[in-house]
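Q: I'm new to this structure and would like to learn how to read it. Could we go through it feature by feature?

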Amino acid sequence: MPITSEWTVDIPVVDIWTMYFAIPKEYPPDHVLLTDGDTNRSYTYNHIKEASVQFGKGLKHMFDWKKGDVLGFFTPNCIDTPILTYGLHWAGGVASPANPTYTVDELARQLTDSKTTALVTQKPFLKTAVDAAQKAGIPLDRVILMGDEKDESGQHKHWKDVTAKSAWFQPKKTALDPKKDLAYLVYSSGTTGLPKGVMLTHYNIVANAYQTSRIDAKTLNWDSDRHLGVLPFFHIYGLSVSLNVTMFTGSRMIVLPKFDIEKACQLIEKHSITFMYVPPPIVLALGKHPVVDKYDMTSVRWINSGAAPLGVDLVEAVWKRLSIGVKQGYGLSETSPVTHTQLTEEWWKFQGSVGRLLPHMEAKIVDLDGKELPRGDAGEILLKGPNVFHGYWNRPDLNDETFTDDGWYKTGDVGYACKRGHFYITDRMKELIKYKGFQVPPAELEAKLLGREDINDVCVIGVWNNDQHTEVPRAYVVVRPDVQETDELAQDIINWLGERVGPPKRLRGGVRFVKEIPKSQSGKILRRVLKDQVKREEGD
Ligand code: 4UV
């Protein structure tokens, strides 16, 4: 029998803009929702609403924006991002965010694959954005700037100049079918291969906002709660969870463009932050970094950790040091993202658990043959729910390996549920490596490394780094027979790849030389064999 959620919530069938701006909120329109942690620049609810409509009109007027056109975002956190995203949704467009540490090639690949027609960036990222836009065939006058700096060359518009100034041109909000029309194309490698566009509809995101709020928002008040926005808006955890909770509950978010533990502590003290959504390495910093002792952290009531495994020892370290409870959430880009969460008041009761199913979610735990396992046995987690995506962009060929015949989404994660419905994640079947919560697809690194003439074969896996509390990528390399396996060569491979990929994908776990890569008869890399070998040798 599938496991079903014990909670329900009414989910309106509306698009994202309507959810935020047409459904009445508890907080007043002049309430400040977003504050830039560096500059203190702030936006009220009303400003976000009006500016988003202006930008949406501008897209229609200046770029003839059509329903389904994709706007790329290549920027660190900025309080302008929500305005532009909701304006884009107003105009019927689809947002496709990319990590601002991407190289030109990484960004160009996403822009090309997603058929992005215009790109938003900030001045310090303009060169990479322009080079990638050129590779992807995006005209340069469609590279739009946001943030405080403008472009002196006059080649690129600032988003504030993307408005429908003419009195005669007053376009209307684009009519959308929330269950069909896409709101986001976020990139995820899924169970195997290179990153693919995850098609998230408006309804997927709206459903997840209501599902999550049924649990987390219960504890939040618009006038007293403040939230530290450390999660990047280019990743599903930040763009959906952080922003939804802010817009939904009015719990003002202090936005950090880049995480730095001292800066985060300063802001917690200055703004009396009451809760945070973070990945495990930030829990580690809060539990162990010496700088934390210099600041008053007593305002924080709870922390949610997700995006990667969290050790129970870290939860204890934070509790002992700061008397703050750390609960866990779990989910994936493909599920908009939250599927499970712990109740804030239960963080200490079910330690190590990622919590229970959100309202309207169903789960099954199955063995390798897809046979359902009894409660308590570990197997692959399959999910159904209104927040589950519809498939990968332009990849209908992947539907069979992504969904079962009867419509269950195969997460590629291994776990079990206890009798009371609390889930525990124990392993990952899929290839994906998580560096500090960021996705690192091994297939991408392997393809690049095979481009070296001295490498005959390679397999990249994630190995655990306890000091940083994260997985790090490590390459197992078979060199050409006439090439010597030296420490210098290992370092050269690390440096060479480091120049070709963004920081999360660097080989921080090093390079190991091997004579062959374990493969199945059909030639598929048997990563599991290597991972088990590392576990045996290093106790990983
Ligand atoms: O696709 P993605 O990069 O998505 C995420 C989502 C993070 C979330 C989602 C809901 C929350 O409530 C929350 O706190 C954080 O990172 O990567 C999805 C993969 O990340 C791993 C797992 O392997 C997923 O397939 N993952 C996500 N959360 C956890 C996790 C967790 N709590 N424990 C272990 N692994």
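A: Sure, and keep in mind that this is a predicted model. Let's begin at the ligand: a polar atom in the side chain of His-235 sits 2.7 Å from one of the ligand's oxygen atoms. A pair of N or O atoms within 3.5 Å counts as a polar contact.

Q: Which residues come nearest to the ligand?
A: There are 23 residues around the ligand, and the ones that come nearest are His-235, Ser-333, Asp-413, Lys-430 and Lys-434. For Ser-333, an N or O atom of the side chain is 2.6 Å from an oxygen atom of the ligand. Ala-308 uses its backbone instead: an N or O atom there lies 3.4 Å from a nitrogen atom of the ligand.

Q: Is His-235 buried or exposed, and where does His-235 lie?
A: Buried means under 20% relative accessible area, with the protein chains only taken into account. His-235 has 15% relative accessibility, so it counts as buried. You'll find His-235 in the loop between strand S10 (226-229) and H7. Setting aside neighbours within four places in sequence, His-235 is in contact with Lys-434 and Gly-437.

Q: H7 came up just now. How do I read the way H6 and H7 cross?
A: Look at the angle between the axes: 65 to 115 degrees counts as roughly perpendicular. Here helix H6 (residues 202-215) and helix H7 (residues 236-249) have axes that come within 10 Å and cross at roughly 70°. H6 and H7 are therefore roughly perpendicular to each other. On the H6 side, the contact is made by Ile-205, Asn-208, Ala-209, Tyr-210 and Ser-213, while H7 brings Ser-240, Asn-244 and Phe-248. Sorted by type, the residues of this contact are four nonpolar, four polar and no charged.

Q: What does Asp-80 touch, and is Asp-80 buried or exposed?
A: Start with the accessible area, where under 20% means buried. Asp-80 has a relative accessible area of 0%, so it is buried. Asp-80 belongs to helix H3 (residues 80-90). Not counting residues up to four places away in sequence, Asp-80 touches Arg-41, Tyr-43, Met-146, Gly-147 and Trp-159. With Arg-41 there is also a polar contact, side chain to side chain, at 3.4 Å.

Q: What does the side chain of Gln-342 reach?
A: A side chain can pair with backbone atoms too, as here: the side chain of Gln-342 reaches the backbone nitrogen of Gln-328 at 2.8 Å. Gln-342 lies in the loop between S15 and S16 and is buried, at 5% relative accessible area. Beyond four places in sequence, the residues Gln-342 touches include Val-326, Trp-347 and Phe-350. Gln-342 and Phe-423 are 81 residues apart along the chain, with their C-alpha atoms separated by 9.5 Å.

Q: Which peptide bond is cis, with omega near -5°?
A: Check the omega angle of the bond leading into Pro-337: the peptide bond from Ser-336 to Pro-337 is the cis one. Pro-337 is in the loop between strand S14 (325-331) and strand S15 (338-341).

Q: What phi does Ser-323 have, and what about His-360?
A: Read the sign of phi, then check the residue type. Ser-323 has a positive phi of about 55° although it is not a glycine, and Ser-323 is in the loop between helix H10 (312-322) and S14. His-360, also not a glycine, has a positive phi of about 70°. The place of His-360 is the loop between strand S16 (356-357) and strand S17 (362-366), and His-360 is partly exposed, with a relative accessible area of 35%.

Methods. Residues numbered from 1 in each chain as written. Predicted model: local features only at pLDDT ≥ 70, side-chain atom pairs only at ≥ 80, totals over all residues. Heavy atoms only, no water. Axes fitted to C-alpha atoms, helices over the stretch in contact; angles between N-to-C directions. Helix = DSSP H or I, 4+ residues; strand = E, 2+ residues; numbered from the N terminus. Parallel < 35°, antiparallel > 145°, perpendicular 65-115°, else oblique. Contact = heavy atoms within 4.5 Å. Nonpolar A, V, L, I, M, F, W, Y, C, P; charged D, E, K, R; others polar. Buried < 20%, exposed > 50% of the residue type's maximum accessible area, 1.4 Å probe, protein only. Near = heavy atom within 4 Å. Polar contact = N/O pair within 3.5 Å; in protein donor to acceptor, adjacent residues only side chain to side chain.
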